[in-house]
Amino acid sequence: MKQHLRPFFWFLGFFLLKNVSFAQLNNKVFEDSLSIHSNDAQKLYLQLQNLNFVKNNEYFNDIIPGQTFFGYQLKPRLVYFPAKNVRVDVGMYVLRDFGKEQFTQVAPVFSVKFQKKNTSLTLGTLQGNLGHRLIEPMYDFDRVLTNRLENGLQFLHKGRRWYMDLWVDWQRAIDRGAPFQEEIFGGLHSQLSIIKKTSLEVKIPLQFTILHQGGQEAFIAKPILNTMNLATGLQIHFNFHTKAFLKSIKLDNYVLGSQAAEVTIGQPDFDNGRAFYGNLTFVTKWGDLMASLWLGDRFNSAQGGGLYRSTGVSDKTFTERNRDLLFIRYLRDISISKDVKFTIRAEPSYNFNSQKIEASIGLYVHFNPGFFLKKVQLTSNE
């Protein structure tokens, strides 16, 4: 984009921030909520979470290379409710990428979730990933295909007026003398409802993430690095009749900031960035049509979408200070039955600087059945 137009769009973004909504890609079908219902106390279930996927990223730039994801995920688990407010999950997660002889990932799944009214605490495997409901510049959608599991601690509150998700995902631990650094990813997503009506919703969101790479136990000549991102805006949803062709209109703006703090023997070296992210979404009975404008200035995110970065994902020596992109997205979830859903996504984008058109196309099949096994009453050892 021509440099003399950038100030205009930044001004427009800050002006509209006071008047329009905050929205994001609808990824609800990819979430794993770990729900608790009081009438499930002392019941044992078998649940199966299956995702079959093919996603082709036709990218032709030096920031992020093109890539095709093709495979399936399988997560069978036993779910037991020892009390009306406690849930225990035990199972296995399997990721298979087609074209490889071995499974890409096989890992155990275990979590304990305590819930009191609208507040819950989860230890173990989190209801994370896209379940954090972060915008794509803050959290890459492709991680649900490559790094779906998160393990750590999560505090979640879902009230009528206030929503908060606070979590720590311990991604890599180290022992003394390890030749690599530990990695801990955490964040906060908070949202306050100002107006909550059937036809109109107004919310104030706040999103923050931090990736810590370091550790006193590491034996490696690399500095400690803390990569932080912040996003805020104003969310307004105009909702129409659920049976109408046009169900809602969402206008959204985000103002984002990024900071990488490299801690060395001397003073920290800070690399600051900023961005504007504006969206217009029409939610219809045939799917969502969304137009997005991204204006990035030295913006970087450790686990955000690669297209939004100013530094190369694989080649970190390559930089593009200003990333000016226009996205046109079509998203549709098709419900076949209670347990089977299809998701179709087409996301072409235009780079104003290189004047190139790139695209991402994906097809996903979700199969998530649950089976009641029996009622199990625990006995006390006392």
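A residue counts as buried when its relative accessible area is under 20%. Asn 27 has a value of 11% and is therefore buried in this predicted model. Asn 27 sits in the loop between helix H1 (6-16) and strand E1. The Asn 27 side chain makes a polar contact with the side chain of Arg 345, at 2.7 Å. Leaving aside residues up to four places away in sequence, Asn 27 touches Leu 130, Phe 141 and Arg 345.

The protein as a whole comprises two helices and 18 strands. Of its 382 residues, 46% are buried. Among contacts with a separation of 6 or more, 62% link residues 24 or more positions apart. The exposed area is about 19800 Å². Carbon and sulfur atoms supply 60% of that area.

The largest nonpolar core contains 37 residues. Phe 30, Leu 256 and Trp 294 have the most contacts inside this core. Several elements give two or more residues to the core, including strands E1 (43-60), E3 (86-97) and E4 (105-116) and helix H2 (143-146). Strands E12 (246-263), E13 (269-284) and E15 (322-335) also do so. E1 provides the largest share, three residues.

Trp 294 was examined further. Residues up to four places away in sequence are again not counted. Trp 294 touches Leu 256, also named above for its contacts inside the core. The other residues touched by Trp 294 include Pro 137, Ala 275, Phe 276 and Tyr 277. Phe 299, Tyr 308, Arg 323, Asp 324, Leu 325 and Phe 327 are touched by Trp 294 as well.

How values were computed:
Residues are numbered from 1 along each chain as its sequence is written. This is a predicted model: local features need pLDDT of at least 70, side-chain atom pairs count only at pLDDT 80 or more; totals for chains, interfaces and linings use all residues. Side-chain values use heavy atoms; hydrogens and water are left out. Helices (H or I, at least four residues) and strands (E, at least two) are DSSP runs, numbered from the N terminus. Buried means under 20% relative accessible area, exposed over 50%, partly exposed in between (1.4 Å probe, protein chains only). Contact means heavy atoms within 4.5 Å. Accessible areas come from the Shrake-Rupley method with a 1.4 Å probe; for residues, only the protein chains shown count as cover. A nonpolar core is a set of buried Ala, Val, Leu, Ile, Met, Phe, Trp, Tyr and Cys residues joined through side-chain atoms within 4.5 Å. A polar contact is a pair of N or O atoms within 3.5 Å; within protein, one must be able to donate a hydrogen and the other to accept it, and residues adjacent in sequence count only if both atoms are side-chain atoms.
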